[in-house]
Amino acid sequence: MTLLSPHATDAIVDTSELTEVREAAVRLSESVAPPRLLAGDQVIELPREVTDAFRDLLERFANGESVVIGSTRTLLTTSQVADFLGVSRSFVVNLIDAGKLEFEYRGTHRRVSLTEAVRYLEESKHARRDRLDAIAELTADKGGYDGDPF
C-alpha cells in the first residue's frame, strides 16, 4: 500500500472550457470505437477499464463537479481523511475509535484507505438524507407545514 495524497481538482468554472469538456464527454459516450490517446507522435489504444474511468472523469467535470483521483490502495493520514471529509482530525480519530472508520497501523500511526474514506462519506450522506426525509415526513404528518406541500 502506498501513502500518497490523492490528487484533488476543482470544478471547471470557465464556460468555454466547460462546454468543450461536455462535448468531449458526449463524443466519448457515443463513440463505438475505443478511444485512442495521442502522446507526441505515438497513438495508444486505451483499455476498457481506462476508458470507463476517463469517461467517468469527463462526465463529472462536465457536471461541474470537483474530482479527487487516487488509487483505491492509497492510504491517508487522519489529517488527510479529515480534509477529505471536511471535518476535524479529532473527529476522524473519534470515528476510528468508535469503529465507524476502518484503519490500519503503519508503525504507530493510523492510516485509512481512500476507499474506506469514500465509503464513510457516501454512507453518512445517505444516512443524513434518510433522517431528513423522516423529519420532513413526521412534520408533514403533524401538520407542521400548514398543509402546504414543499
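**Exercise 1. Describe how strand 2 and strand 3 pair in this predicted model, and name residue partners.**

Solution.
Step 1. Strand 2 covers residues 36-39 and strand 3 covers residues 42-45; they pair in the antiparallel sense over four bridges.
Step 2. Leu37 has Ile44 of strand 3 as its bridge partner. Ala39 stands opposite Gln42 of strand 3.
Step 3. The two strands form a hairpin with two residues between them, and there Gly40 takes a positive phi near 65 degrees.

**Exercise 2. Work out the strand order of the open sheet that contains strand 7, and identify its edge strands.**

Solution.
Step 1. Strand 5 (residues 75-76) pairs with strand 7 (residues 109-113) over two bridges, in the antiparallel sense. Leu76 has Val112 of strand 7 as its bridge partner.
Step 2. Strand 6 (residues 104-106) runs antiparallel to strand 7 and is joined to it by three bridges. Here Glu104 stands opposite Arg111 of strand 7.
Step 3. The three strands therefore form an open, antiparallel sheet in the order 5-7-6.
Step 4. Strand 5 and strand 6 are the edge strands, as each pairs on one side only.
Step 5. Strand 6 and strand 7 also form a hairpin with two residues between them, and Gly107 in the turn has a positive phi of about 70 degrees.

**Exercise 3. Classify the packing of helix 3 against helix 4, and list the residues that make the contact.**

Solution.
Step 1. Two packed helices are described by an angle and a distance, both taken between their axes.
Step 2. For helix 3 (residues 78-85) and helix 4 (residues 89-97), the angle is about 105 degrees and the axes are 8 Å apart.
Step 3. Angles of 65 to 115 degrees count as roughly perpendicular, so helix 3 is roughly perpendicular to helix 4.
Step 4. Helix 3 contributes Thr78, Ser79, Val81, Ala82 and Leu85 to the contact, while helix 4 contributes Arg89, Val92, Val93, Leu95 and Ile96.
Step 5. Sorted by class, the contact of helix 3 with helix 4 has seven nonpolar residues, two polar and one charged.

**Exercise 4. Find the aromatic pair of the structure, and decide whether its rings are stacked, tilted or edge-to-face.**

Solution.
Step 1. Searching the whole structure gives one aromatic pair.
Step 2. The pair consists of Phe103 and Tyr105, with ring centres 5.2 Å apart and ring planes at 85 degrees.
Step 3. Planes over 60 degrees apart count as edge-to-face, so the pair of Phe103 and Tyr105 is edge-to-face.
Step 4. Phe103 is partly exposed, with a relative accessible area of 33%. Tyr105 is also partly exposed, at 48%.

**Exercise 5. Locate Asn63, decide whether this residue is buried or exposed, and give the separation of its C-alpha atom from that of Ser90.**

Solution.
Step 1. Asn63 lies in the loop between helix 2 (48-62) and strand 4 (67-69).
Step 2. The relative accessible area of Asn63 is 58%. Exposed means over 50%, so Asn63 is exposed.
Step 3. Asn63 and Ser90 are 27 residues apart along the chain, and their C-alpha atoms are separated by 33 Å.

Notes
Residues numbered from 1 in each chain as written. Predicted model: local features only at pLDDT ≥ 70, side-chain atom pairs only at ≥ 80, totals over all residues. Heavy atoms only, no water. Axes fitted to C-alpha atoms, helices over the stretch in contact; angles between N-to-C directions. Parallel < 35°, antiparallel > 145°, perpendicular 65-115°, else oblique. Contact = heavy atoms within 4.5 Å. Nonpolar A, V, L, I, M, F, W, Y, C, P; charged D, E, K, R; others polar. Phe/Tyr/Trp six-rings, centres within 6.5 Å; stacked < 30°, edge-to-face > 60°. Buried < 20%, exposed > 50% of the residue type's maximum accessible area, 1.4 Å probe, protein only.
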